[in-house]
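Me: Could you take me through one part of this structure at close range? I'd like to see how the two chains meet, residue by residue.

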Protein chains: 2
Amino acid sequence: MSEESIAEIHRVCVRFHSAIELIGGRWTGAILRAVFTGHHRFARIKAAVPGLSDTMLAQRLRVLEENELLERRVGAAGPAQIEYHLTEKGRELGPVLEAVVAWSHRWIPLPDDSARP
Amino acid sequence: MSEESIAEIHRVCVRFHSAIELIGGRWTGAILRAVFTGHHRFARIKAAVPGLSDTMLAQRLRVLEENELLERRVGAAGPAQIEYHLTEKGRELGPVLEAVVAWSHRWIPLPDDSARP
C-alpha cells in the first residue's frame, strides 16, 4: 500500500480552525445565540444562559467585540443602558448557528433533570 | 420602558450549548474537518492539523469516540492499522462545518505569515 507524502497532505484551513474555536469557545456560542434570539442587554443575556457569571459574560462580550462579532451601543434609555448588537460579520454566523441548532435537536439528548415544560 | 420578567426570558437551548462547545472545543473542529476531508489515520490527521501534539490528538479522538462522532476501525492492512471514521451523527455535522468554512473564508483573514501557495 503506497503512502502519500505527509508533506503534501491537505491541511485543515487555518481560517476554519480560528473560526470554529472562536464560535465554539466556552460560553461564546451560547452568548451569540442569546443575542441572535433578541437579548441585547447584559442582564438579559446573562439570564438567557444558565450558569454564566457576570465576570465571564463581561470577558466574553469583550472578546466578541474585539473580534467584531458584536458592537456596544448606547440604548434608547440613554448612556446607562448599554446594548450589544450583532455586526454584519456576526449576523452572517446565522446559518452556522441554525445548522448547530438543527443538528443538536437531532443528536443531543436533553439532560435527565430537564423536566421543564 | 417596561421590563419583561427575567424568569420568563427565552433561554438558550441546553442542547445547542452542548453541541457548539463540543464541536468548537480546542482542536476538535479541526480534527473533525481533517476526517471529513479524507484523513482517517492518526499520523495523517496529525499532519493535517498544524501544531497538534500526539497527546492532544489521542485525547481528542477519545472524546470524539465517547460522543459517538467518530468510530475506530481496523483498517484494510490489519489490526496495526487503526482508522477513524465518521459515524452517522458525525457525518451529519457536514452542513455545520461547511457553514463555518464559508463564513471563515469571508470573514477571517489569513495570518500575515501565511505566504503558502
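Reply: Start with the residues that meet between the two α6 helices: A:Pro95, A:Val96, A:Ala99, A:Val100 and A:Trp103 in α6(A) face B:Pro95, B:Val96, B:Ala99, B:Val100 and B:Trp103 in α6(B). Contact here means that C-beta atoms, placed from the backbone, lie within 7 Å, and helices are DSSP runs (H or I, at least four residues), numbered from the N terminus. The residues of this contact are 10 nonpolar, no polar and no charged. In that count Ala, Val, Leu, Ile, Met, Phe, Trp, Tyr, Cys and Pro are nonpolar, Asp, Glu, Lys and Arg charged, and the others, Gly among them, polar.

Please keep in mind that this is a predicted model, in which local features need pLDDT of at least 70 and side-chain atom pairs count only at pLDDT 80 or more, while totals for chains, interfaces and linings use all residues. Residues are numbered from 1 along each chain as its sequence is written, and chains are lettered from A and ligands numbered from 1 in the order in which they are written.

Now the geometry. The axes of α6 (residues 94–107) in chain A and α6 (residues 94–107) in chain B come within 9 Å and cross at roughly 170 degrees. Those axes are lines fitted to C-alpha atoms over the stretch in contact, with angles from 0 to 180 degrees between N-to-C directions. The two helices are therefore roughly antiparallel, a label for angles over 145 degrees.

Stepping back, the contact between the chains takes 46 residues from chain A and 46 residues from chain B. On the chain A side, α1 (14–23), α2 (28–36), α3 (42–48) and α6 each give two or more residues, and α6(A) gives the most, with 10 residues. That side divides into 27 nonpolar, 10 polar and 9 charged residues.

Helix α6 of chain B also holds B:Trp107, which counts as buried because it has 20 C-beta neighbours inside 10 Å; the cut-off for buried is 20 or more. Leaving aside neighbours within four places in sequence, B:Trp107 is in contact with A:Lys89 and A:Glu92.

Finally, look again at the valines at position 96. A:Val96 and B:Val96 are, with A:Ile31 and A:Val49, the residues that touch the most other members of the largest nonpolar core, which has 55 residues. Such a core is a set of buried Ala, Val, Leu, Ile, Met, Phe, Trp, Tyr and Cys residues joined through C-beta atoms within 7 Å.

Technical notes: Angles under 35 degrees count as roughly parallel, over 145 as roughly antiparallel, 65 to 115 as roughly perpendicular and the rest as oblique. A residue is buried if 20 or more other C-beta atoms lie within 10 Å of its own, exposed if 12 or fewer, and partly exposed in between; C-beta atoms are placed from the backbone.
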